[in-house]
Amino acid sequence: MVSYRGNAVKALARRKFAASRFVLLAVAFALSGCVSLGAEPPESLLNLSANVSAPTGSATSVSGADAVAVHTPEVPARLDVLRIPVKVSDTEIAYLQDAFWVEKPARLFRRLIGETLRARRGGLVLDTDDAPLVAEIALRGTLREFGYDAQRSAVVVQFDAIRSRDRGADDSSFETRRFEAIEQGVAPESGAVGAALNRAANSVAGEVADWLAEPES
């Protein structure tokens, strides 16, 4: 005897399975249209490297009065990214294609200055956020320009530095100075601009180190 009821139940179950599978596929396709796993990573990343560095194995023992603390500089919003800004006009900026920093420029510039100071000034230089002591001398400032000027085919690095000394008991002094390095004749390409910015940043870091070595006015 043939059970029509049993066949009907099986057919209904197959239809429900097919319908649920269709719904799952539809949801998957819908999600694939609105969810992105991210763009492909760049082929290479740009970094800053110091022209000079402290010798390996060198040791320094000083008090907080002789140490220098290098703080991360402030930056305008256009520099608070991993891209290289391009000044197209006085009122318009873009970002250089295929050019990405390994880390935001402010922190790269901070470490570059720190390494330059260790090599040229000597003494203890604190360029991390978890420094074990409080330095009497501090270097702060604003990194105002760190990009490419399309009108001049040039890279520009401009740093407004603030040198302070805190001796305690309301005995503090402050000095400020603007440093700038411009390198012209640079092609608007990732490798060329990155290398030119590294040279310009090293030039500014060297001038800052010389300034910190000067006696206070």
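**Figure 1. Overall make-up of the protein chain, with three helices and seven strands.** Helices (H or I, at least four residues) and strands (E, at least two) are DSSP runs, numbered from the N terminus, and from that terminus on the elements follow the order α-β-β-β-α-β-β-β-β-α. The structure is a predicted model, in which local features need pLDDT of at least 70 and side-chain atom pairs count only at pLDDT 80 or more, whereas totals for chains, interfaces and linings use all residues. Residues are numbered from 1 along each chain as its sequence is written, and side-chain values use heavy atoms, with hydrogens and water left out. Of the 217 residues in the chain, 33% are buried, where buried means under 20% relative accessible area, exposed over 50%, and partly exposed in between (1.4 Å probe, protein chains only). Contact means heavy atoms within 4.5 Å, and among contacts between residues at least 6 apart in sequence, 66% join residues at least 24 apart.

**Figure 2. Close-up of the contact of helix α2 with helix α3.** The axes of α2 (residues 105–120) and α3 come within 9 Å and cross at roughly 50°; such axes are lines fitted to C-alpha atoms, for helices over the stretch in contact, with angles running from 0 to 180 degrees between N-to-C directions. The two helices are therefore oblique to each other, given that angles under 35 degrees count as roughly parallel, over 145 as roughly antiparallel, 65 to 115 as roughly perpendicular and the rest as oblique. Among the residues that make the contact are Phe109, Leu112 and Ile113 of α2, together with Ala201, Asn202 and Val204 of α3.

**Figure 3. Close-up of Asn202 in helix α3 (residues 190–213).** With a relative accessibility of 8%, Asn202 counts as buried. When its neighbours within four places in sequence are left aside, Asn202 is in contact with Ser49, Ala50, Asn51 and Leu112.

**Figure 4. Close-up of Asp98, a residue of strand β3 (residues 92–100).** The phi of Asp98 is near 60°, which is a positive value in a residue other than glycine. Asp98 counts as exposed, its relative accessibility being 54%.

**Figure 5. Close-up of Ser153 in the loop between β5 (137–149) and β6 (154–166).** Although Ser153 is not a glycine, its phi is positive, at about 50°. The relative accessible area of Ser153 is 30%, and the residue is therefore partly exposed.
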